[in-house]
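Subject: Structure handover

Hello,

Here is the structure I promised to pass on. Please open it beside this message and follow along.

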Amino acid sequence: MCNLIVYIDIFIPTLADMAGNGNTDGEFSFSAAAARDALPRITTEKGAKSTTSSDVCHDDTASRGNFQTIDQLHSLQKKRSAPTTPLKEGGGVVMGTSGPTTPVSGESMLQSVSASLASLTRETGPKVIRGDPTSAAKVAHVPQTPTSVPAADVSDSSLKFTHVLHNLSPAELYEQAIKYEKGSFVTSTGALATLSGAKTGRSPKDKRVVKDETTASELWWGKGSPNIEMDEQSFLVNRERAVDYLNSLDKVFVNDQYLNWDPENKIKVRIVSARAYHSLFMHNMCIRPTPEELENFGTPDFTIYNAGKFPCNRFTHYMTSSTSVDINLGRREMVILGTQYAGEMKKGLFGVMHYLMPKRKILSLHSGCNMGKDGDVALFFGLSGTGKTTLSTDHNRYLIGDDEHCWSESGVSNIEGGCYAKCIDLSREKEPDIWNAIKFGTVLENVVFDEHTREVDYTDKSVTENTRAAYPIEYIPNSKIPCVGPHPKNVILLACDAFGVLPPVSKLDLAQTMYHFISGYTALVSLLSSSKTQLNKTFRLMRNESMVAGTEEGVKEPRATFSACFGAAFIMLHPTKYAAMLAEKMQAQGATGWLVNTGWSGGSYGSGSRIKLAYTRKIIDAIHSGSLLNATYQKTEIFGLEIPNEVEGVPSEILEPMNAWEDKVAYKDTLLKLAGLFRNNFETFTSHKIGEDGKLTEEILAAGPNF
């Protein structure tokens, strides 16, 4: 403790007095010669001991940093860095960034963003500035260049400054969301919970694709196609509306990122959005550039204008509502109006990849993908509820990706940099990897949580059944970084057959693989009640393997669902073109096709029982190990599927579906019914010939049910 002596008559030195002392080393001394009275001067030196105490009274302040104002002091608190995608080989989590870096090349990036935001009435967009408009210090240092007198057709937006928040880190986006976006909260595990507004899912009926001279002949149009046409002029009207809305804002979020982990075929994408939620979502779902890549990013290959907070004009030609999701492949642009659901961006870009990649002779696939420790790769195709995510996530294998992939001459690669997982009824016991991935940096869409503890209730569907989590793929412990692998050895087509007539596993020849790939079959359940809540309840019942099907009130019968290439909503070309590419690659690499039924056995939904997940896992293990290739097979009637006589760990009586049915007549009737549904569905594709002579089309048709 320092002893202080207080004098009534105190000496106050002037600046000249202090300067005259020549003190430059942090110590101070008052000279007796400078005194105005006879009181002795106090001299304090570091290390000197008080005459009345053993305590030391000294100044331990360190040398001050280079700042002159409070704002400059605060600016030193944060190091400059850029978010990156980890580039570590092999499995495991790689966290963090590459460390402090120099700022990204500012002028070229700002000019590039300005060009992206250019309206049809002007060659450049608004004057764009780095940083948050709430920071007065940043704004004050922006050079104000004189502006020429605008032409009559130039919008005032080109005269204003728009702040660009470019590739912000998750922490910065958290701050923006919590401060400015109502409904944004940090959950107990550190994830960012947010709301997508009135739209809690995609709006496929409001999706439009520009039909021009090129796309008219290249894309799949007409019956069964997801591509609903619009003309160039209507697109430009919507684009102008979106760009003008974004230009009217004080700030916009800009993400410059990549698609496709294949370094030779990656696509540069730019996402311009109005919400931090959208920016963080795409930060997680796209591949994050390194600081060096970001500095040299240049002009993007494709640009999204997400003005989802603003509606489209319902009186614009081709519009049917206030929502519109428009893709112009010629301009390489996508416009979003009237929906804030972030999944529109993810799936919109997936559709673009379905167009761009086949032009490079690369097959784009809606599939899961994993790799064994020996380098054997498997692709998993399946619609919702078939177990694609569950079966492709295997702790004994590396996860390459859970949803979108490319198959090129060098092997497979993940298109995305993250995962988009369903959260309804999520539990630590059933999905530990997804549960543990919901932490800082993860976006939680439309979940409900306790207002005090912020603990999420994943069973609560008050907002929507379609609750989701978007997180970087490195949050999964056994993910393979980079997300690439060699050519697949196995192509697994999953079907949840609620009719109960397909075998648990069957080996497919090439033509059969193409037939079932184009068909994209699974089965839902029709209800006497049309209530959506009742339907969702039944889906949850179906996912519970311990429940005996048929105990749910209101169940009527199974209903076949077909989605071409297991992702009809996203494909651009005719399904047979993707199927032909798949067959070509499988044949060249010697890959084997498999049809795996994760649905019912011993009867349809309502009388049979769900095939146990443990049995399905044994089947998948046998496919991975190669032991199923050495099994003996028999062929089924009608569908002509080859089924193994024995699979280790699986009861042999369920391998042949008819043996598991007590009522053989009912089995035959149900089998014929399903075969008829397959045939009727495939009539959509019979008019499209593959190859010059169309022989391959005939082979595919012959691979279907024969009755």
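Below is what I found, starting with the sheet and moving on to the salt bridges.

First, a caution: this is a predicted model.

**The sheet**

Nine strands make up an open sheet. Their order is β3-β4-β9-β10-β11-β13-β12-β7-β8. The pairing is mixed. The edges are β3 (127–130) and β8 (229–230). Each of these has a single partner strand, so one of its sides has no neighbour in the sheet.

Look next at β11 (residues 302–307) and β13 (residues 333–337). These two strands run parallel and are joined by five bridges. To find the register, start at Thr303: its bridge partner in β13 is Glu333.

Helix α8 (residues 276–285) lies across three strands: β9 (251–259), β10 (267–273) and β11. The helix runs at about 10 degrees to β9.

**The salt bridges**

The count is 16 salt bridges. Three pairs are worth a look on screen.

*Lys211 and Glu229.* Their side chains meet in a salt bridge, 3.7 Å from N to O. Lys211 sits in the loop between β7 (207–210) and α6 (215–218). Glu229 belongs to strand β8, the edge strand mentioned above. The two residues are 18 apart in the chain. Lys211 is partly exposed, at 33% relative accessibility. Glu229 is also partly exposed, with a relative accessible area of 34%.

*Glu218 and Lys359.* Here the N to O distance is 2.8 Å. Glu218 is in helix α6 and Lys359 is in helix α10 (residues 343–359), so this salt bridge ties together parts 141 residues apart in sequence. Glu218 has a relative accessible area of 22%, which means partly exposed, as buried requires under 20%. Lys359 is partly exposed at 48%.

*Lys346 and Glu404.* The closest N and O atoms of this salt bridge are 3.1 Å apart. Lys346 lies in helix α10, and Glu404 lies in strand β18 (residues 404–408). They are 58 residues apart. Are these two residues buried or exposed? Both are buried.

This last pair also belongs to a network of salt bridges. Its members are Lys346, Lys347, Lys388, Asp403, Glu404 and Glu416.

Over to you.

Best wishes

Methods
Residues numbered from 1 in each chain as written. Predicted model: local features only at pLDDT ≥ 70, side-chain atom pairs only at ≥ 80, totals over all residues. Heavy atoms only, no water. Pairing = 2+ DSSP bridges. Helix = DSSP H or I, 4+ residues; strand = E, 2+ residues; numbered from the N terminus. Contact = heavy atoms within 4.5 Å. Axes fitted to C-alpha atoms, helices over the stretch in contact; angles between N-to-C directions. Salt bridge = Lys/Arg side-chain N within 4 Å of Asp/Glu carboxyl O. Buried < 20%, exposed > 50% of the residue type's maximum accessible area, 1.4 Å probe, protein only.
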